[in-house]
Amino acid sequence: MNFDLKNLAGHVSDYFNLQPDKDDEQAIIAQISSGVSFRGANLWVLIFAIFIASLGLNVNSTAVIIGAMLISPLMGPIIGMGLAVGINDLELLKRSAKNYGVASLISVLTATVYFFLTPLGEAQSELLARTSPTLYDVLIAFCGGAAGIIALCTRGKGNVIPGVAIATALMPPLCTAGYGLATGHLLYFLGAFYLFFINTVFIALATYLGVRMMHFKRSDFMDSDMTRKSSRVVMGIVVLTMIPALVMTIGIVRRSFFQNNVNKFVKNELAQKGTQILSSEADGSVLNIVAVGREIGAESQAEAQRRMAQYGLEDYELKVIQGVQTDSLLQLNTQVAQLNTTREADRQRLVELSAEAAQLNQQLSVYARYDDLAAEIRPELSALFPQVTAIGLTPVVEARIDSLVQSRYVAAIVTTAKSATLTHAERQRLHDWLKARVQADSLVVIGR
């Protein structure tokens, strides 16, 4: 029996053994090290990938976001850090950490600039999904990182690396962090950057464990005490990173269990033929159930209240809103809708009145302009035409009875002294001077 178990274990270990598929170790290290640096083309690709991801989050396009993740080079320094810790390469660790910091800073700044300039400022569902990381994100990052390092270290990589880039989703959290900075939402920034940090830590951890599992040769510059200390530091970072995500996950799971219990309670204890449950919502220690149709009797409600403990709802008081209460609630909703409609109509009317007022002010300004102009040219007129004692200017619209065409011109009403008159030549000269002086397209002189 003992022999059979050993035989079985040997066969199983052969199936899961990575060593036969392992590629050349030095070639793997060289390949990962070359992807660590962010200069020239790599940096430009990162910036454009950030712009693409920001656009995708802005317009809520999953396809665009996936495209940005596929072309992003952000995985390079993260895998580099995990490899450096795994093989005790301090120089590679420093270079990876430096480039990781530079890439993160440039990514957040690029996203901040985009969201500061874009006219679409509303947070969409794809963006909001990156503000509340949970333990599930930890598992995704770890599994994605593990798949990535195994693919990098073995022959026949296939299409694993693009899948890892999509699954771990490094770009969207950084873009969301930029959105938080651009719009002043500090919680969005902190939540999104925490998700990015989770991805970083657990991809690097999976890389570290992967290279240890595949027995990569370690550098000898570190003694055993230093190695143990570095391992403790790595595990400390991992645990500290997991704690907030674990707390958030517990809250999500509790809310999910509570809602499932409420749904089971409503279905089993309150559902009846002719009754429709519109909503079930907890408000403090009260569970509000809104129902329409056939009323749920007082005895049924009392029995349901007694059975709430069976569904883990013993701390809640049942309150069923139905009948007249429901009608009142629906009536209130109708009144609110009518009020909103009335407000919209009032707002539209206010816009129309504002437009009319602007038009009247424009017309009034035309008349005021000619009044001021008449007062301005009066001294000049006295010097050029002493016979004229007064002048008035006004815009005129002439509508002829025998024509549909309206004529617009400026009328100049002049008054002369009783003993003085204007000759035909003087009247023509006055007309020409006034037309040029008031800059009118058409002008008529009316004398009295």
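**View 1. A nonpolar patch on the surface.** Let's start on the outside of this predicted model, where V45, L70, I71 and I166 form a nonpolar patch. Together these four residues offer about 280 Å² of accessible area. Zoom in on I71, which sits in helix α4, the stretch covering residues 62-71. Is I71 buried or partly exposed? With a relative accessibility of 38%, I71 counts as partly exposed, because that value falls between the 20% limit for buried and the 50% limit for exposed.

**View 2. An aromatic cluster.** Now switch to some rings: F51, Y114, F115, Y179 and Y188 form one aromatic cluster. The next two views pick out pairs from this group.

**View 3. Y114 and F115, edge-to-face.** How many aromatic pairs does the model hold? The count comes to 10. One of them joins Y114 and F115, with 5.1 Å from centre to centre and 80° between the planes. That makes the pair edge-to-face. As for the surroundings, Y114 is buried, and F115 is buried too.

**View 4. Y179 and Y188, stacked.** Here the ring centres of Y179 and Y188 lie 6.1 Å apart, and their planes meet at 25°. Why does this pair count as stacked? The 25° angle is under the 30 degrees cut-off, so Y179 and Y188 are called stacked. Look at how each ring is covered, too. Y179 has a relative accessibility of 3%, so Y179 counts as buried. Y188, at 22%, counts as partly exposed, because the limit for buried is under 20%.

**View 5. Helices α1 and α6, and how far to trust them.** Which helix has the lowest confidence, and which the highest? Helix α1 (residues 2-16) is lowest, at a mean pLDDT of 62, while helix α6 (residues 90-117) is highest, at 88. Where pLDDT is low, the predicted coordinates shouldn't be read in detail. For the protein as a whole, the mean pLDDT is 77, and 81% of the residues reach 70 or more.

**View 6. Stepping back to the whole protein.** Time to zoom out. The protein has 15 helices and six strands. Of its 448 residues, 35% are buried. What about contacts between residues with a separation of 6 or more? Residues 24 or more positions apart account for 71% of those contacts. On the outside, the accessible surface comes to about 26,400 Å², and carbon and sulfur atoms account for 60% of that.

Key
Residues numbered from 1 in each chain as written. Predicted model: local features only at pLDDT ≥ 70, side-chain atom pairs only at ≥ 80, totals over all residues. Heavy atoms only, no water. Phe/Tyr/Trp six-rings, centres within 6.5 Å; stacked < 30°, edge-to-face > 60°. Buried < 20%, exposed > 50% of the residue type's maximum accessible area, 1.4 Å probe, protein only. pLDDT = per-residue confidence, 0-100. Helix = DSSP H or I, 4+ residues; strand = E, 2+ residues; numbered from the N terminus. Contact = heavy atoms within 4.5 Å. Areas by Shrake-Rupley, 256 points an atom, 1.4 Å probe, with all protein chains shown as cover. Patch = residues over 30% accessible without salt bridge, like charges linked within 9 Å, V, L, I, M, F, W, Y side chains within 5 Å. Salt bridge = Lys/Arg side-chain N within 4 Å of Asp/Glu carboxyl O.
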